[in-house]
Amino acid sequence: MTREKQTKGARGEEIAVAFLRVQGYRILERNYRCPLGEVDIIARDGNTVVFVEVKTRTSERFGTPQAAIGPQKQKRMTAIALYYLKGQGWLGAPARFDVAAVSLHEGRETVTLFRNAFDARGY
């Protein structure tokens, strides 16, 4: 990954975290890594544990940010979520997957939050 992409991704995550906090989310983890992969943000929305994937785009030339979360990524996020919930002793807790689509177009920053963007896959 190029430094430019890393910088854009980090900026998008900062914008998403600020947006989620305003929405009332409590951030638990950022860039959570485990043997199964990584999740950008893990948060609480009330009693629900939320696994948030952040996608940042400067244009829609390659599609919308949320379109980049395909079945393979959904399956991987499901496995990571189960790993995390089990490790916390929260397997019975309500959980969901959100996607924060961050657009950086023409000097404007916008966030579109897709709550419950997809169901758990492969389990």
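**Helix 2 and strand 4**

The buried residues of helix 2 (under 20% relative accessible area, 1.4 Å probe, protein chains only) are covered by elements that include strand 1 (26-34), strand 2 (37-45), strand 3 (48-57), strand 4 (95-105) and strand 5 (108-118). Helices (H or I, at least four residues) and strands (E, at least two) are DSSP runs, numbered from the N terminus. This is a predicted model, in which local features need pLDDT of at least 70 and side-chain atom pairs count only at pLDDT 80 or more. Residues are numbered from 1 along each chain, and side-chain values use heavy atoms, without hydrogens or water.

Helix 2

- The end C-alpha atoms of helix 2 (residues 71-88) lie 26 Å apart, which agrees with the 26 Å expected for 18 residues at 1.5 Å a residue; the expected span is 1.5 Å times one less than the number of residues.
- Buried positions in helix 2 are K73, Q74, M77, T78, A79, I80, A81, Y84 and L85.
- G89, just after helix 2, adopts a positive phi of about 75 degrees.

Strand 4: A101

- A101 belongs to strand 4 and counts as buried because its relative accessibility is 4%.
- Between A101 and L85 there are 24 Å in space, C-alpha to C-alpha, and 16 residues in sequence.

Strand 4: R96

- R96 also lies in strand 4 and is buried, with a relative accessible area of 15%.
- The R96 side chain forms polar contacts (N or O atoms within 3.5 Å, one able to donate a hydrogen and the other to accept it) with the side chain of Y25 at 2.8 Å and with that of D45 at 2.8 Å.
- Beyond four places in sequence, R96 touches (heavy atoms within 4.5 Å) Y25, D45, T48, V49, V50, F51, R115 and N116.

Methods: Buried < 20%, exposed > 50% of the residue type's maximum accessible area, 1.4 Å probe, protein only.
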